[in-house]
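Q: Got a minute to go through this model with me? Let's start with a loop.

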Amino acid sequence: MGEAENGVFPAEDALEMILMYDRTGTIFYANAIARKKLDYENLDGLHISALFPGSFIASKDGFEWGAFPKDEIRHLVIYRRNLTCFPVEARVIEGRGPGTYICMANDILAKEHLEREINQVREEAQRAEKIKAEFVANVTHELRTPVNGILGNVREMLGEVTQARTIKSLQLVERCCEDMNKLINNILDFSKLDAGKFVLEPRRFHFRNMLDYVKAQHINKITEKGLDFFVTISPQVPEYVIGDELRIVQILNNLLSNALKFTSVGKITLQVLLTARVEEKVELFFIVSDTGIGVAEEDMDKLFRSFSQVDASISRKYGGTGLGLNICRQLVELMGGNIEAESEKGRGSTFSFSIWAGAEETQTQEPTDDIKAVYRKMAARMENDGENAANLKKYDTAENREALRRNLSRLILCVEMENWEKAEMFMETVRQLTEGAPPEVKRTILRLKMAIQKGSYDKVIAEYHKLGEFDLITQ
């Protein structure tokens, strides 16, 4: 500290408390903020131990440092004139004059109060998170029990009943129970991921067998809907990899289920490539593409949000919680990768994600293909798929009429076999293929749809034959 100039110390207007005292502990200067906070008009002549009784101890030689070593910042308590106190951060240094010391102290009462509030809020948030996690676990468990009970009884009844209408109703209940179980699983996974309690369980598994299992789960539903399904895997992908097989299957199932849900005509493809290798780790790149309804560019940012659908009509028409893609994103990131989407309204979507997995060094060869060239081929194929899908959905094109005849033929076959659920599925495809049709065609399609929903065989046959007038069925 400098010397006083005209009786005023340079520290007079400082924001921290400044106290100067001699070797006997007697204070000879206190700045304005110190006088104000300690409620003294003048501190001159007061012993430093009166302000810090636990840290400065008066003695015959002046004072002892006690718990207050020089040049170290300490959390102490300072006393006001009325003997009330408050916490400070204080430090003592030697002054420029011989045998003088300077104590600089900051009031941290507000800081400590804020820290207490922050800690309290943090503890309350942790308690709330724990309560929420327990609530979700309990509720989903309680939901799963009756759902599985209903599902088991329905499946038992399906093996006993023979009436077509009853079978249709039981199959609807079965499908609803399965959908409910999927929603429960999604909510549980999201809760664990949100709480940071989700742990991957990597193990060694046969990669192509895993893909065959995924394909087997979806191929019947996809082909029954009249779609083509292609699965290709690069020869550079290892035979065995080390990763969380269950979660990789979960991601692929979600993406393929979405592709099936939003695609009525065209095809769905799944491709796997090896894109990088670092020591005993490989980067695997998955691509799931479809020729479905697509997503507008302005809605792309909604895809991976929690509880988000592109719009309300999507949720009403196709169902779902909007959790699936968010869970996929978090799982992919846990595996060291990322997930992206490309889409165009009415021309389909492509979801791609990468993950890192372990691989035995002797199993994998370095990629020999030019990855960029492979991607260019894929992009060109996707463009062609998009154009084909657009032609399929444009009424009265050659592709559209061919798709209509094929789906109407499958529809009437399902009606003949009294498989009304599949008939409704093909009916939805036919409806989408005729969205741009003339009014008389659309009216006939609507009547056909209503007849199928009612399970009226005679009315279905009558409306089906009326479509022959528009050259939409194979005579």
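Q: Where is Asp396 found?
A: Asp396 is in the loop between helix 9 (371–393) and helix 10 (398–416). Helices here are DSSP runs of H or I, at least four residues, and strands are runs of E, at least two, numbered from the N terminus. This is a predicted model, where local features need pLDDT of at least 70, side-chain atom pairs count only at pLDDT 80 or more, and totals for chains, interfaces and linings use all residues. Residues are numbered from 1 along each chain as its sequence is written, and side-chain values use heavy atoms, without hydrogens and water.

Q: What is the phi of Asp396?
A: Positive, about 80°, although Asp396 is not a glycine.

Q: Buried, partly exposed or exposed?
A: Asp396 has a relative accessible area of 45%, so it is partly exposed. Buried means under 20%, exposed over 50%, and partly exposed lies in between (1.4 Å probe, protein chains only).

Q: And Glu418, where is that?
A: In the loop between helix 10 and helix 11 (420–433). Glu418 is not a glycine either, yet its phi is positive, about 60°.

Q: Switching to the core. How many residues are in the largest nonpolar one?
A: It has 45 residues. Such a core is a set of buried Ala, Val, Leu, Ile, Met, Phe, Trp, Tyr and Cys residues joined through side-chain atoms within 4.5 Å. Phe207, Met210, Leu252, Leu284, Phe286 and Phe353 have the most contacts inside it.

Q: Which helix gives the most?
A: Helix 6, with 8 residues.

Q: What does Phe207 touch?
A: Beyond its neighbours within four places in sequence, its contacts (heavy atoms within 4.5 Å) include Ile233, Val237, Pro238, Val272, Leu284 and Phe286.

Q: What about a second core?
A: A separate one has 28 residues, among them Val415, Ala437, Leu448 and Val460.

Q: Which residues make the nonpolar surface patch?
A: Phe135, Val139 and Leu143, over about 260 Å². Val139 lies in helix 3 (residues 109–158).

Q: How sure is the predictor overall?
A: Mean pLDDT (the predictor's confidence in each residue, from 0 to 100) is 81, and 83% of residues reach 70 or more.

Q: Which elements have the lowest and highest means?
A: Helix 7 (residues 312–318) has the lowest, 48, and strand 10 (residues 240–243) the highest, 94. Over residues 1–8 the pLDDT is below 50. Where pLDDT is low, the predicted coordinates should not be read in detail.

Key:
Patches are made of residues with over 30% relative accessible area and no salt bridge: like charges are joined within 9 Å, nonpolar side chains (Val, Leu, Ile, Met, Phe, Trp, Tyr) within 5 Å. Accessible areas come from the Shrake-Rupley method with a 1.4 Å probe; for residues, only the protein chains shown count as cover. A salt bridge is a side-chain nitrogen of Lys or Arg within 4 Å of a carboxyl oxygen of Asp or Glu.
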